[in-house]
Amino acid sequence: MERTTIHLTVCFEAPFWIGVYERTSGGRYEVCKITFGAEPREYEVYEYLLQNWRQLRFSPSVRADEDADKPCNPKRLQREIRRQLRDSSGIGTKAQQALQLQREQSKQERHIRSREQKEAEKQRRFELRQAKRKEKHRGH
């Protein structure tokens with residue numbers, strides 16, 4: 001049976017209130033960042049989620065840890081934390097890493113889109129110059 005978990009965390013990041021919406025389904029983890037203006041009330045957050053569910057842009061899915069719910073020996077947990085800090089490969093929470101991945105992908109898409117626009121503008125100018133040259137050589 002497939003298990004789905006959903007978490008919504010609302011916190012204050014000056015000057016806005018931010019909602020981090022996390023969902024885990026089928027062994028995949030996705031996250032979405034929602035920006036609220038003033039401090040939202042519970043019913044406002046719930047209403048926002050109901051109305052804007054389809055417009056939420058989730059990060060690309062990453063593999064989720066299945067054993068995160070199981071209780072762990074405190075000493076083992078301490079050793080794991082120390083090992084991760086020493087390796088420095090896992091900087092930030094899983095949500096932060098997923099949001100960073102989403103930012104990088106949108107940055108690449110924006111870069112590709114702007115490059116295509118520049119090339120299209122360059123081609124348009126070239127064709128305009130060619131048309132002017134032809135017009136000059138047409139004769140009287």
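I will talk about the cysteines and then the aromatic rings in this structure, which is a predicted model.

Let me begin with the cysteines, where a search of the whole structure finds zero disulfides. A disulfide is a covalent bond between the sulfur atoms of two cysteines. For cysteine 32, the closest cysteine sulfur belongs to cysteine 11 and is 13 Å away, which is too far for a bond, given that a disulfide would need the two sulfur atoms within 2.5 Å. As for their surroundings, cysteine 32 is buried, with a relative accessible area of 2%, whereas cysteine 72 is partly exposed, with a relative accessible area of 42%.

Turning now to the aromatic rings, the search of the whole structure finds five aromatic pairs, and I will describe two that involve phenylalanine 58. In one of them, tyrosine 21 and phenylalanine 58 are tilted with respect to each other, at 5.7 Å centre to centre and with 55° between the planes. This pair links distant parts of the chain, 37 residues apart, since tyrosine 21 belongs to strand β2 and phenylalanine 58 lies in the loop between α1 and β4. Tyrosine 21 is buried at 6% relative accessibility, and phenylalanine 58 is likewise buried, at 17%.

In the other pair, tryptophan 53 meets phenylalanine 58 edge-to-face, with 6.3 Å centre to centre and 65° between the planes, and tryptophan 53 counts as partly exposed, at 36% relative accessibility. Taken together, Tyr21, Trp53 and Phe58 form one aromatic cluster.

Finally, phenylalanine 58 also has a charged neighbour, because the charged end of arginine 23 sits over its ring, 3.7 Å from the ring centre.

Conventions. Residues are numbered from 1 along each chain as its sequence is written. This is a predicted model: local features need pLDDT of at least 70, side-chain atom pairs count only at pLDDT 80 or more; totals for chains, interfaces and linings use all residues. Side-chain values use heavy atoms; hydrogens and water are left out. Buried means under 20% relative accessible area, exposed over 50%, partly exposed in between (1.4 Å probe, protein chains only). Rings of Phe, Tyr and Trp (its six-membered ring) pair if their centres lie within 6.5 Å; planes under 30 degrees apart count as stacked, over 60 as edge-to-face and the rest as tilted. Helices (H or I, at least four residues) and strands (E, at least two) are DSSP runs, numbered from the N terminus. A charge sits over a ring if NZ of Lys or CZ of Arg is within 6 Å of the ring centre and within 35 degrees of the ring normal.
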